[in-house]
Amino acid sequence: MVPQLHICNHPLAQHKLTILRNQNTEPKKFREVVRELAAMLIVEATADLPTIDVPITTPIGEAVGKKLADNIGLIPILRAGLGMVEGALEMLPQAEVWHIGLYRDERTLRPVEYYNKLPVHPTVQVCLVLDPMLATGGSATATVDILKRWGAQRIKFVGLIGAPEGVRRLSEAHPDVPIYLAALDERLNDKGYIVPGLGDAGDRQFGTG
Ligand code: PRP
Ligand code: URA
């Protein structure tokens, strides 16, 4: 067990994940449930973020409230990570969104970078990398490499399903990056797909399968 691995066993999360796994779930429903599950996982992934006290006036009197101390960046990995952005923004409407474009070469399974418009210096203190699938871990590891070269200090990975191979690879390369998932599945098949998984997360969201 990886110490930084968090699996959300909440019944609502497991119910939603089952809808995603079902091969008969249509793209419209699939996108809706990815959004909802992403929002739940963001709640878990942000449970230890620092807050600062703020004075606040209620209709009845004075109180001390709290607000997030840090600027948060959402880093969806294109394409499939896009579907998690809306749910994450529902929980963190003030977050910045910085896209990283990577695709997995079908033959080598290695990530190929095709989009990165990060500004010269980091603008956020916490980066939440969003990608539904942690398969070989190549895409997630490459994204964290990019963010660390950028100067990001605190990075978390938020996904839906992971394979043991991907969790191992990401946590060995970046032991400081906690991983939040709704499930840790059995293994990868010979094409690098997670078993039992949910199939191709990009194709299922965007109807391209
Ligand atoms: C999928 C998924 C991850 C990656 C995971 O993207 O969304 O980014 O594969 O695999 P890995 O852990 O072995 O790197 P894909 O390359 O299919 O691109 P897409 O999101 O554009 O469909
Ligand atoms: N990418 C996906 O979309 N699904 C998998 O099972 C593995 C990689």
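Visitor: Which residues are around ligand 2?
Guide: In this predicted model, they are Arg104, Met133, Ala135, Gly192, Tyr193, Ile194, Gly199, Asp200 and Ala201. A residue is near a molecule if one of its heavy atoms lies within 4 Å of it.

Visitor: How is the model numbered and filtered?
Guide: Residues are numbered from 1 along each chain as its sequence is written, while chains are lettered from A and ligands numbered from 1 in the order in which they are written. Local features need pLDDT of at least 70, side-chain atom pairs count only at pLDDT 80 or more, totals for chains, interfaces and linings use all residues, and side-chain values use heavy atoms, with hydrogens and water left out.

Visitor: What polar backbone atom of Gly199 partner is there in ligand 2, and at what distance?
Guide: A nitrogen atom of ligand 2, at 2.8 Å. A polar contact is a pair of N or O atoms within 3.5 Å, so the Gly199 pair qualifies. An oxygen atom of ligand 2 is 2.8 Å from a polar backbone atom of Ile194, and an oxygen atom of ligand 2 is 2.8 Å from a polar backbone atom of Ala201.

Visitor: Which residues come nearest to ligand 1?
Guide: Of the 14 residues around ligand 1, these are Arg104, Asp131, Thr136, Gly137 and Ser139. A polar side-chain atom of Asp131 lies 2.5 Å from an oxygen atom of the ligand, and for an N or O atom in the side chain of Thr136 the distance to a ligand 1 oxygen is 2.5 Å.

Visitor: Why are helix 4 and helix 5 called roughly parallel?
Guide: The axes of helix 4 (residues 138-150) and helix 5 (residues 164-173) cross at roughly 20°. Angles under 35 degrees count as roughly parallel (over 145 roughly antiparallel, 65 to 115 roughly perpendicular, the rest oblique), so helix 4 and helix 5 are roughly parallel to each other. Their axes come within 8 Å.

Visitor: What meets what between helix 4 and helix 5?
Guide: Gly138, Ala140, Thr141 and Val144 in helix 4 meet Arg169, Leu170 and Ala173 in helix 5, contact meaning heavy atoms within 4.5 Å. By class, four residues are nonpolar, two polar and one charged.

Visitor: How do you know that the peptide bond from Leu78 to Arg79 is cis?
Guide: Its omega is near 0°. Arg79 is in the loop between strand 4 (72-78) and helix 3 (82-91); helices (H or I) are DSSP runs of at least four residues and strands (E) of at least two. Val195 and Pro196 are also joined by a cis peptide bond, with omega about 0°.

Technical notes
Axes fitted to C-alpha atoms, helices over the stretch in contact; angles between N-to-C directions. Nonpolar A, V, L, I, M, F, W, Y, C, P; charged D, E, K, R; others polar. Polar contact = N/O pair within 3.5 Å; in protein donor to acceptor, adjacent residues only side chain to side chain.
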